[in-house]
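Subject: Structure handover

Hello,

Here is the structure I said I would pass on, with its sequence. Please look at it first and then read the notes below.

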Amino acid sequence: MIILGVDPGLTRCGVGVIEAGANRRLSFIHVDVVRSDPHTSQDLRLLTIYNGLCSKMDRFIPDAVSIERVFAQSNRNTVLGTSQAAGMAMLAAAQRGIPVALHTPTEAKLAITGNGKAEKIQIERMVAKVLGLNTLPQPADAADALSLAICHALRPQGALQGGEREQHLTAAQRQWAQAAQKAARRAGVRSGM
């Protein structure tokens, strides 16, 4: 399953792409930051973020998008821009029929380090270790995006094993199950099955 993680931000929006294989084996695919110019109007900045995210989704065709859940911060302008960038990521995914999961920073830290209050450097080191990278992912937005993708791979809310009854599933769970099945079919095609 290909998972695209998004650390939303209006100036820098981190994007990390990983592949979650059998037995939760994780592989690095891509990391980048989509940037917008803080000297342009907010509508054009959001368009830049949206277009950058669309480009990444079209290039990597993820089976799932994992986005940082925006929470209250003391700076209202920061949380507003972050929320709007998260909305652009959700919109881009929805237009492509890609299921979206929202994970809090604490969930991502806990999944990566085992400590929900881990420092940035701890997250960067563990992301590098988990993905077998020789260097730490930079900038921090990029590492955070990869940590969100890893968090989702390790805690796929709603990803169901075959045989579970469809009638008891929520709409989100059905989407995740379909994404997992699609990824399995794609993996079968890649390996020549």
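The centre of these notes is an open sheet of 5 strands with mixed pairing, in the order β3-β2-β1-β4-β5. β3 (residues 26-35) and β5 are its edge strands, since each of them pairs on one side only. From one strand to the next, the twist averages 20 degrees. Please keep in mind that this is a predicted model.

Next, the pairings. Strand β2 (residues 12-20) and β3 run antiparallel and are joined by 9 bridges. One fixed point for finding your place there is E19, whose bridge partner in β3 is S27. Strand β1 (residues 2-7) runs parallel to β4, with 4 bridges between them; L4 has V65 of β4 as its bridge partner. On to the edge: β4 pairs with strand β5 (residues 100-103), also over 4 bridges and in the parallel sense. Here S66 is matched with A101 in β5.

Strand β4 deserves a closer look. How many of the residues of β4 are buried? The count is 5 of the 5 residues (64-68), so the strand is largely enclosed by the rest of the structure. In a regular strand, side chains alternate between the two faces of the sheet. β4 can be read in that way: A64, S66 and E68 point one way, V65 and I67 point the other way, and all are buried.

Now the helices. Taken as a whole, the protein has 6 helices and 5 strands. Along the sequence they follow the pattern β-β-β-α-β-α-β-α-α-α-α.

Helix α1 (residues 42-60) packs on the sheet, where it touches β1, β2, β3 and β4. The direction of α1 makes about 155 degrees with that of β3. α1 has 19 residues, and its first and last C-alpha atoms are 27 Å apart, close to the 27 Å expected at 1.5 Å a residue. Its buried residues include L46, I49, Y50, L53, M57 and F60. R45 and K56 are also among the buried ones. An α-helix has 3.6 residues a turn, so residues three or four places apart point the same way. After α1 comes I61, which has a positive phi, near 45 degrees.

Two packed helices are described by the angle between their axes and the distance between the axes. For helix α3 (residues 105-113) and helix α4 (residues 120-131), the axes come within 9 Å and cross at roughly 50 degrees. α3 and α4 are therefore oblique to each other, and their crossing is left-handed. Which residues meet where α3 and α4 come together? From α3 they are K109, I112 and T113, and from α4 they are Q122, I123, M126 and V127.

Helix α5 (residues 140-154) has 15 residues, which should span 21 Å at 1.5 Å a residue; the end C-alpha atoms are 21 Å apart, so the two values agree. α5 is mostly covered, with 13 of its 15 residues buried.

Two totals to finish. Of the 193 residues of the protein, 44% count as buried. Among contacts with a separation of 6 or more, 62% are between residues 24 or more positions apart.

Regards

Definitions and conventions:
Residues are numbered from 1 along each chain as its sequence is written. This is a predicted model: local features need pLDDT of at least 70, side-chain atom pairs count only at pLDDT 80 or more; totals for chains, interfaces and linings use all residues. Side-chain values use heavy atoms; hydrogens and water are left out. Helices (H or I, at least four residues) and strands (E, at least two) are DSSP runs, numbered from the N terminus. The expected span of a helix is 1.5 Å times one less than its number of residues. Buried means under 20% relative accessible area, exposed over 50%, partly exposed in between (1.4 Å probe, protein chains only). Two strands pair if DSSP finds at least two bridges between them. Axes are lines fitted to C-alpha atoms, for helices over the stretch in contact, and angles run from 0 to 180 degrees between N-to-C directions. Angles under 35 degrees count as roughly parallel, over 145 as roughly antiparallel, 65 to 115 as roughly perpendicular and the rest as oblique. A crossing is left-handed if the near helix is turned anticlockwise from the far one by less than a right angle, and right-handed if clockwise. Contact means heavy atoms within 4.5 Å.
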